[in-house]
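Dear colleague,

Please find below the structure that I am handing over to you. The findings follow directly after it.

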Amino acid sequence: MSADSRSTSSTPYGPSAPGTSRAALVADAALALLAERGMRGLTHRAVDEAAGLPSGSTSNVARTREALLELAVRRHAEREARVLALEEMPDPSGGVDALAEGLALAVHRSLTRDRELLIARYELALEATRRPGLRAFYDRTGAVFQEQLSALLTAAGSPDPARHVLSVAAWADGLMFSCAAGSFSAREPGLAEIRAGLRELLTGMLRP
């Protein structure tokens, strides 16, 4: 891989490490700017500065604003997949307690260690309501998580996985929004509280 396509620079804006690709470095800086400054603060020049790259570097990776936003959505999906870590979930055949434990860990990580990533997701989701092209791109990345969650719920015995995926996602998203950006932002629920809430929800779905 050429020197032009890789960067050994580090940045305070995200988890980029030495050897991270230039595109990932740009996307990490874009996500952090979205969390810190909102959509108005996201410009090609600001990303160059935040990432510690020469002027024009971001334009070389994503020439238009739409391309930059799509790059941010794609990188966000990669990083959020590591937060959710669905492949590390307990075996759902272990029942409600196992599934609640795994999902609670993911929600708790989003509200604590990865809160910046969560805020960036809200910015991208709102912008997608105004850009049909970005909406389709955003929804495609989200569909991957929905499919994985559906598989987990199916294995756990859900009689209606499609409906239950929406219920679980709505519960988790509602909690995270309320505690990260809504009226409960001063109150961060602990892991035990999140686990208890998920257990109650899943019990109603999965146990006759």
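**Cores and packing**

Leaving out residues up to four places away in sequence, Val-47 touches Val-26, Ala-29, Ala-30, Leu-33, Leu-42, Thr-58 and Leu-68, where contact means heavy atoms within 4.5 Å. Please note that this is a predicted model, in which local features need pLDDT of at least 70 and side-chain atom pairs count only at pLDDT 80 or more, while totals for chains, interfaces and linings use all residues. Residues are numbered from 1 along each chain as its sequence is written, and side-chain values use heavy atoms, with hydrogens and water left out.

Val-47 is also one of the residues with the most contacts inside the largest nonpolar core, together with Leu-42, Leu-68 and Leu-124. That core has 29 residues. A nonpolar core is here a set of buried Ala, Val, Leu, Ile, Met, Phe, Trp, Tyr and Cys residues joined through side-chain atoms within 4.5 Å; buried means under 20% relative accessible area, exposed over 50%, and partly exposed in between (1.4 Å probe, protein chains only). Helices α1 (22-37), α2, α4, α6 and α7 each contribute at least two residues to this core, and its largest share, 8 residues, comes from α1. Helices (H or I, at least four residues) are DSSP runs numbered from the N terminus. Another core, of 27 residues, lies apart from the largest one and includes Leu-103, Leu-118, Tyr-122 and Cys-179. In soluble globular proteins, nonpolar side chains tend to be buried together.

Helix α5 (residues 96-111) has 16 residues, which should span 22 Å at 1.5 Å a residue; its end C-alpha atoms are 22 Å apart, so the two values agree. The expected span is 1.5 Å times one less than the number of residues. Among the buried residues of α5 are Val-96, Leu-99, Gly-102, Leu-103, Val-107 and Leu-111. The buried residues of this helix pack against α4 (65-84), α6, α7, α8 and α9. Ala-100, also buried in α5, has its C-alpha atom 9.4 Å from that of Thr-203, although 103 residues separate the two along the chain. Thr-203 belongs to helix α9 and is partly exposed, at 25% relative accessibility.

A charged residue is also found among the buried ones: Glu-127, in helix α6, has a relative accessible area of 9% and is therefore buried. Beyond its neighbours within four places in sequence, Glu-127 is in contact with Met-39, Leu-69 and Leu-134.

**Aromatic pair**

The structure holds 1 aromatic pair. The ring centres of Tyr-122 and Phe-177 are 5.2 Å apart and the planes stand at 75°, so the pair is edge-to-face. Rings of Phe, Tyr and Trp (its six-membered ring) pair if their centres lie within 6.5 Å; planes under 30 degrees apart count as stacked, over 60 as edge-to-face and the rest as tilted. Because Tyr-122 lies in helix α6 and Phe-177 in helix α8, the pair ties together parts that are 55 residues apart in sequence. Tyr-122 is buried, at 14% relative accessible area, whereas Phe-177 is partly exposed, at 41%.

**Salt bridges**

In total there are 16 salt bridges, each defined as a side-chain nitrogen of Lys or Arg within 4 Å of a carboxyl oxygen of Asp or Glu. Arg-115 and Glu-188 form one of them, at 3.7 Å from N to O. This pair links distant parts of the chain, 73 residues apart: Arg-115 is in helix α6 (residues 115-128) and Glu-188 in the loop between α8 (161-180) and α9 (191-206). Both are partly exposed, Arg-115 at 23% relative accessibility and Glu-188 at 48%. Arg-187 pairs with Glu-193, with the closest N and O atoms 2.7 Å apart. In addition, Asp-28, Arg-75, Glu-78 and Arg-79 are linked in a network of salt bridges.

**Confidence**

The protein chain averages a pLDDT of 87, and 88% of the residues score at least 70; pLDDT is the predictor's confidence in each residue, from 0 to 100. Over residues 1-14 the pLDDT is below 50, and this stretch has 34 contacts in the model beyond near neighbours in sequence. Where pLDDT is low, the predicted coordinates should not be read in detail.

With kind regards
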